[in-house]
Amino acid sequence: MRITKITHSEAPIASRISNAVIDFSRMTVSVVAVHTDAVVDGEPVVGYGFHSNGRYAQTGILATRVLPRVEEAPAEAITDPATGIIDPVAVHRVAMANEKPGGHGDRAVAVGTLDMAVWDAAAKAAGLPLFRLLHRRFGTTPEPETAVWVYAAGGYYHPDKPLDGLRAEIGGYLETGYRDVKIKIGGAPLAEDMRRIETVLELLPEGSRLAVDANGRFDLATALEYARALSDYDLMWYEEPVDPLDYRAHAVLAEEYAGPLATGENLFSAADVRNLRRYGGLRPHRDVLQMDPSLSYGVAEYDAMLRDLALGGWSPRNCCPHGGNQINLALAAAYGFGGCESYPQVFEPFGGFAENTPITDGRVALPEAPGIGIELKPALHSMLRERL
Ligand SMILES: [Mg+2]
């Protein structure tokens, strides 16, 4: 199996929503297709990749550094000799040649986007759904999970959505089959955020939980002020209260706030995660880690993160990746993560899971089609085909 060409493009993912830090009016996303000479059922194998929302398209880094290295690599350097199928871990290594350590940022997003496409192609060539291929290679449990807990991440600030709109949005998630939800905080004064929280809590049935997400907006004093106010509620978690790289601030908060804290979606490397483990003071029996493979160099780097976290007593159950897309769902099933984020109705067509796997009692099943399952989201598949 050889890579014949790699195509990439930039797609808009703009919307009128905003969180405490950014609006999404000019948001873009990189999309990549890995074309191969492998043929399955008469069709050439093509792997597709994109990255999660919230980071902009990485056109320059893909075009000038990451993709040429892979296209110029000899086939033997990126093929598994046992199966003859492309080895995504080897591709990752080649893509990172001549890159210095540290400075993980947009580069991690570019490599993560390619990584998704390569895993999709490898799984299709192997005739396996990605979660089963990942479990064979990295799994530590006898079997992968076949369904994963997901929660509806929404409750963005929206110019046309005061409390009535928030009520309608959350009610819609519950009707769709979600049990647990998350809303944004930190984009309005504390009193207004508390009204938003109480509005949602009034709607949630027994057994459903609410998480809140400040997107790293607060300084430590404000984060502590919110923590005191949030302590009145039994929240699922308090997410990204402070800057994601301010480990000491996390440690102080973890001493003060008894409920679960969540962070990690803006840590893009195993080195950053190691620092969080060492200096962030977070509690493996309680807190939640949200690193997102498509933003952080992909699956091989995620595996390195998990191996490091194990040294501090963290288990895959503590992980619940940001991003709400199919590769994160596949990873969650393969490793037995606690769950996976989901963005119903926003960031379409990228967000969400296969159309034949509805949310049932807060869980979503993994499709058994080969690859990531992008073909099971027809709007996404045709958009990627058109652009790539
Ligand atoms: Mg978040």
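Contact here means heavy atoms within 4.5 Å. Helices (H or I, at least four residues) and strands (E, at least two) are DSSP runs, numbered from the N terminus. The model is a predicted one, where local features need pLDDT of at least 70 and side-chain atom pairs count only at pLDDT 80 or more, while totals for chains, interfaces and linings use all residues. Residues are numbered from 1 along each chain as its sequence is written, and side-chain values use heavy atoms, with hydrogens and water left out.

**Exercise 1. Work out how α2 and α3 pack: which residues meet, and at what angle do the axes cross?**

Step 1: Start with the residues. From α2 come Pro88, Val89, Val91, His92 and Ala95, and they meet Val111, Leu114, Asp115, Val118, Trp119 and Ala122 of α3.

Step 2: Sort them by class. You get 9 nonpolar, 1 polar and 1 charged residues. (Ala, Val, Leu, Ile, Met, Phe, Trp, Tyr, Cys and Pro count as nonpolar, Asp, Glu, Lys and Arg as charged, and the others, Gly among them, as polar.)

Step 3: Now the geometry. The two axes cross at roughly 155° and come within 9 Å. Axes are lines fitted to C-alpha atoms, for helices over the stretch in contact, and angles run from 0 to 180 degrees between N-to-C directions.

Step 4: Name the arrangement. That angle makes α2 roughly antiparallel to α3. (Under 35 degrees is roughly parallel, over 145 roughly antiparallel, 65 to 115 roughly perpendicular, and the rest oblique.)

**Exercise 2. Do the same for α10 and α11: what is the angle, and which residues make the contact?**

Step 1: Helix α10 (residues 299-311) packs against helix α11 (residues 326-335) at about 40°, with the axes 12 Å apart.

Step 2: The two helices are therefore oblique to each other.

Step 3: Val299, Tyr302, Asp303 and Leu306 of α10 make the contact with Ile327, Leu331 and Tyr335 of α11. By class, that is 6 nonpolar, no polar and 1 charged residues.

**Exercise 3. Find the donors of the magnesium ion: which residues coordinate it?**

Step 1: Look for Asp213 (OD), Glu239 (OE) and Glu265 (OE), which sit at 2.0 to 2.2 Å from the ion. Donors are N, O and S atoms within 2.8 Å of the metal (3.2 Å for Na, K and Ca); water is not among the atoms, so sites may look incomplete.

Step 2: Read off the spacing in sequence, which is D-x25-E-x25-E.

Step 3: Place two of them. Asp213 is in strand β6 (residues 210-213) and Glu239 is in strand β7 (residues 238-239), 26 residues apart.

Step 4: Check burial. Asp213 has 1% relative accessibility and so counts as buried; Glu239, at 0%, also counts as buried. (Buried means under 20% relative accessible area, exposed over 50%, partly exposed in between, with a 1.4 Å probe and protein chains only.)

**Exercise 4. Take Asn98 and Tyr297, and decide for each: buried or exposed?**

Step 1: Asn98 is not a glycine, yet has a positive phi of about 60°. Tyr297 has a positive phi too, near 70°.

Step 2: Asn98 is found in the loop between α2 (88-95) and α3 (106-126). Tyr297 is in the loop between β9 (288-289) and α10.

Step 3: Asn98 is exposed, at a relative accessible area of 77%, whereas Tyr297 counts as buried at 1%.
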